[in-house]
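The paragraphs below go from one helix pair to the chain as a whole. Please keep the model open while reading.

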Amino acid sequence: MKSTYIQIISTFFLLNTYNYLIAQDNQTKKKVESVSQYVNPFIGTKDMGHCYPGATSPFGMVQLSPDTDTAQYTYGQGYNKEVYRYCSGYQYDDPTIVGFSHTHLHGTGHSDLGDILIMPTTGEIRLNPGIVSKSNSGYRSRYSKSTEKASAGYYSVFLEDYKIKAELTATARVGHHRYIYPKDRDANVILDLVHGIYGYDGKVIWASIRVENDSTITGYRQTNGWARNRFIYFAIKFSKPFKSFGLRNDEKEVYRGFWRRWQMDNNFPERSGHKVKAYFTFGSIDTLEVKVAISGVSTIGAMENLRAEVASNNFDQTLSKVKNLWEKELSKIRVDGTNDEKVNFYTALYHCMLSPTIFMDVDGKYKGLDGNIHQANGFTNYTVFSLWDTFRAFHPLMTLLEPSRASDMVNSMLEHYKQSVHGILPVWSHWGNDNWCMIGYHSAPVIADAYMKGIKGFDSELALKAMVSSATYQRYDGIDDYIKYGYVPKERSSSSASVTLEYAYDDWTIYQMANKMGKADIANTFKKRAMSYVNIFDTKTGFARAKGKDGKFITPFDPLQTHDMGFIEGNAWNYSLFVPHDISNLINLSGGKARFTQHLDSLFTMTLPPKYYENTEDIDKVGIMGNYVHGNEPSHHVAYMFVYAGQPWKTQEIVRNVINRMYLNKPDGLCGNDDCGQMSAWYIFSAMGFYPVCPGSNQYIIGAPYLPYLSVTLENGKVLTIKADGVNNENRYIQSATLNGKPLLNAWITHNDLVNGGELVFKMGKKPNKKWGVQEKALPYSMSEGL
């Protein structure tokens, strides 16, 4: 009996030990699971997303990706609307690939770049890309979607016309190609310095190539596009020597000077001009690797970048390095969910790491706004700041996930300010240029948000000075009249109402920072200016409206119209809600909570006839829910405004509807331009369960988690865990919530709450708990509450 008892106990012990070890093993697997495997770079590459599928590193200067057409900005007869589809150089359904260029913008609604296009070919040399209907008329090639693969840091495709397998990866400053050629054909590489995105005849101001030896090429080009005066330098290293080459300039040269003594088309080691192209022949080879380093400074800088980042690495070694970088970045957040949910989440997070981009050589040198070479001391210099988009959620996401990088971005903006002949911060920073796209001075909220969250590493005195300088530069977009009238009149800007609303918010962020710094004079000035939105709000109609210098609202007025009403890429229904710093007063102006809630309800349920958006490039029906436009940025905060009106359960319902409809695991899975990660940043915040409605306030408004489990490893080493067991499309409503075990009664949370780490737990249910999150004495921040 005793022996049997011992056997039972032993068996029980062994069984429990086995189950424990299995559980531990599963937990270990869960912890070490690769998250980069869930990135699908093809999401957003069809139609409106304007994403590229190619290879890049986190925030890398190189974006090595296929271009599928040569659509021009103009063919000499005005704007070519077709070019809008090719902002990233790529459309998923296109049947041919023109080549692989090294610079691309992610998700923008206007474009540039597409530099240093390389195309591997076989047989006859062709230096013209040809046309889609006759692919063999040029160097482009057909391909099959079944052979096209992409993951974080990697892209490959089989070029059918040449029987070549092309593989791409990229470090921060070097694109690394591998081409596997058929053994029965002679191998070539085409280099096209005319090709570009949003190109036109004359965009290339000058280009130059030098053949340094039988495997090394250097050169540069200068372009006049979205960035008016942009330089890019390159160094190319082939893994095998070429047998012959040709450098061509496909233009009729007016002045040849004594260069005419040379026969320059074949095997001549240098060529310059406006339409420079080149070919390199290798004979019969099996594999060729091509390393292309870029620089904004010099060819010497490009060579140093190449040596520092890839040196003697072969393709597989570079790829392994890049994949490890992506895994490190992406694994800062770990989530539970279905496969599609993980793909959508990690692809969105990946999209948030494609820009801004590093803009300096490995030695810290970069070309500044003033055209001179500068040294970045103690920070990484960045460019591609699409600030009208990204101040809303992308930059706040950086303050949470990567505060050191956020500090570097602020320093980059301050360097821009110091180099600016206007003495202002960037509007849209673009490769040592400002392309002046969109409205507002939205560097201000980015800087203020970082400062208010306690992010260090930049000169706050200089920052405030730069913000004030930008906000008082009277030559910029109606600021003189804005100061004079308290609004921007319609006579000064076709977007006058939008400009006024955005200036008012930007001014509030300056007030916030000045107030915290104890700068009373500045704070008082901008506190008053922050109320300027009131001057264009028509309490009779309940909408913000454009005004003339005579103080009268423009007529006729149609609140659904996106054109000629004083709004940019939006209408009065949406834009009237852009008062993120003073929503409680906006509610009062709208007639109280009941009428304000009715406005929000109608916005999401009414029908917007196509005539109101069909002639607007940046708004498409797939990004519209009722009259709410999620496919463009001005309304991204709107679903969270129900919280201010005391109905947070509606936010919980609508945010999930938006995610379900407008973030999908397919090539056309984005409902609008991703705009340098802003669309994706909205998703990341909303999936976590909160959103920065008013950057600069240090508050996040709670929606509801989209996923059952999410953990964030913060830069300070602490871990934030968010749990919502059982959350799904039915159990979407918050019943209760706790933060570190204590009841969370308010539908908002602070930045400090998050960065201190801990556990945020939500109990979810099928029906709204209309008592949760409606504490009247604890409303989210609103400016007028403190007046």
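A crossing is left-handed if the near helix is turned anticlockwise from the far one by less than a right angle, and right-handed if clockwise. By this rule α4 and α17 cross in the left-handed sense. This is a predicted model, where local features need pLDDT of at least 70, side-chain atom pairs count only at pLDDT 80 or more, and totals for chains, interfaces and linings use all residues. Residues are numbered from 1 along each chain as its sequence is written, and side-chain values use heavy atoms, with hydrogens and water left out.

Helix α4 covers residues 339–351 and helix α17 covers residues 678–688; their axes lie 8 Å apart and make an angle of about 130°. Axes are lines fitted to C-alpha atoms, for helices over the stretch in contact, and angles run from 0 to 180 degrees between N-to-C directions. Angles under 35 degrees count as roughly parallel, over 145 as roughly antiparallel, 65 to 115 as roughly perpendicular and the rest as oblique. The pair α4 and α17 is therefore oblique.

Contact means heavy atoms within 4.5 Å. On the α4 side E341, N344, F345, A348, L349 and H351 take part, and they meet S680, Y683, I684 and A687 of α17.

Helices (H or I, at least four residues) and strands (E, at least two) are DSSP runs, numbered from the N terminus. The chain has 18 helices and 37 strands. Its C-alpha atoms fill a box of roughly 105 × 85 × 50 Å along the principal axes. Of the 787 residues, 62% are buried (under 20% relative accessible area, exposed being over 50% and partly exposed in between, with a 1.4 Å probe and protein chains only).
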